[in-house]
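The following exercises are to be worked through with the sequence and the three-dimensional view at hand. Each task is followed by a solution in steps.

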Amino acid sequence: MTVENNTENDQVILATGGYDHTIKLWHTHKGICLRTMQHAESQVNALEITPNRQLLAAASYQHIRMYDLQSSNPNAVTDYESIPKNVTSIGFQEDGKWMYSGGEDGRVRIWDLRSTSMQCPKSFEGLAPVTCVRLHPNQGELFIGDQSGNIYRWEIRTDNNEQLVRCKQEI
């Protein structure tokens, strides 16, 4: 994950996270860790930077936490919770109006980032744990991969979905 800071050096920052419950921001050209943030209670499964490059979203067990990239505050500024299992994939709509997440509970959720309620107004339910979710460049369709090898296309506006690839069980 990279983000360009608008500093005089125009440095490229790499964000990493893992099983040690920390998120580290690295200066890639110098190879030094600029900042370490504690991600309490869980490993980090996925990281994504908001389109405006202000926040870093960290997906983990039962949470998506947002960290302010512009401040020195090491604590999460927002916590999306009430997810029953691991969150495995996250991303953002290009204007930063909403975020999507997928997880081991088999659901893909749309989170309205403009709302203060931090609730999930829309979701898609698959048949197996979700391993990846990607937003189409048209900003209206999500492609979802699950642990069983199935791939779905979900039209967010109409809520229509179709299974594009069905994994066949080998005997």
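**Exercise 1.** Determine which strands are tied together by the salt bridge of Asp-79 and Arg-65, and state whether each partner is buried or exposed to some degree.

*Solution.*
Step 1. In this predicted model, the side chains of Asp-79 and Arg-65 form a salt bridge, with an N to O distance of 3.5 Å. A salt bridge requires a side-chain nitrogen of Lys or Arg within 4 Å of a carboxyl oxygen of Asp or Glu, and the pair satisfies this limit because its distance is 3.5 Å.
Step 2. Asp-79 belongs to strand β8 and Arg-65 to strand β7, so the contact connects parts that are 14 residues apart in sequence.
Step 3. Buried means under 20% relative accessible area. Arg-65, at 8%, is therefore buried, whereas Asp-79, at 24%, is partly exposed.

**Exercise 2.** Describe the sheet that contains β7 and β8, and identify which strands stand at its edges.

*Solution.*
Step 1. The sheet is open and consists of 4 strands in the order β5-β6-β7-β8, with antiparallel pairing.
Step 2. The edges are taken by β5 and β8 (78–80); each has a single partner strand, so one side of each lacks a neighbour in the sheet.
Step 3. On average, neighbouring strands of this sheet are turned by 20° against each other, direction ignored.
Step 4. The pairing of β5 with β6 is antiparallel and runs over 4 bridges. Ile-49 stands opposite Leu-56 of β6.

**Exercise 3.** Locate Arg-53 and Gln-62, and report the sign of phi for each.

*Solution.*
Step 1. Arg-53 is found in the loop between β5 (46–49) and β6 (55–60). Its phi is near 65°, a positive value in a residue other than glycine.
Step 2. Gln-62 occupies the loop between β6 and β7 (63–68). Gln-62 is not a glycine either, yet its phi is positive, at about 70°.
Step 3. Arg-53 is partly exposed, with a relative accessible area of 37%; Gln-62 is also partly exposed, at 28%.

**Exercise 4.** Of the salt bridges in the whole structure, examine that of Arg-107 with Glu-125 and that of Arg-114 with Asp-112.

*Solution.*
Step 1. A search of the whole structure yields 8 salt bridges. Side chains of opposite charge can pair when their charged atoms come close.
Step 2. One of them joins the side chains of Arg-107 and Glu-125 at 2.9 Å, N to O. Arg-107 is in strand β11 (residues 107–112) and Glu-125 in strand β12 (residues 122–125), so this pair links parts that are 18 residues apart in sequence.
Step 3. Arg-107 is partly exposed at 29%, while Glu-125 is exposed at 53%.
Step 4. Arg-114 bridges to Asp-112, with the closest N and O atoms 3.3 Å apart. Arg-114 is exposed at 58%, and Asp-112 is partly exposed at 23%.

**Exercise 5.** Which residues are linked with Glu-141 in a network of salt bridges, and where does Glu-141 lie?

*Solution.*
Step 1. The network links Glu-141, Arg-153, Glu-155 and Glu-162.
Step 2. Glu-141 lies in strand β14 (residues 141–146) and is buried, with a relative accessible area of 14%.
Step 3. The side chain of Glu-141 also makes a polar contact of 2.8 Å with that of Asn-138.

Key
Residues numbered from 1 in each chain as written. Predicted model: local features only at pLDDT ≥ 70, side-chain atom pairs only at ≥ 80, totals over all residues. Heavy atoms only, no water. Helix = DSSP H or I, 4+ residues; strand = E, 2+ residues; numbered from the N terminus. Buried < 20%, exposed > 50% of the residue type's maximum accessible area, 1.4 Å probe, protein only. Pairing = 2+ DSSP bridges. Axes fitted to C-alpha atoms, helices over the stretch in contact; angles between N-to-C directions. Polar contact = N/O pair within 3.5 Å; in protein donor to acceptor, adjacent residues only side chain to side chain.
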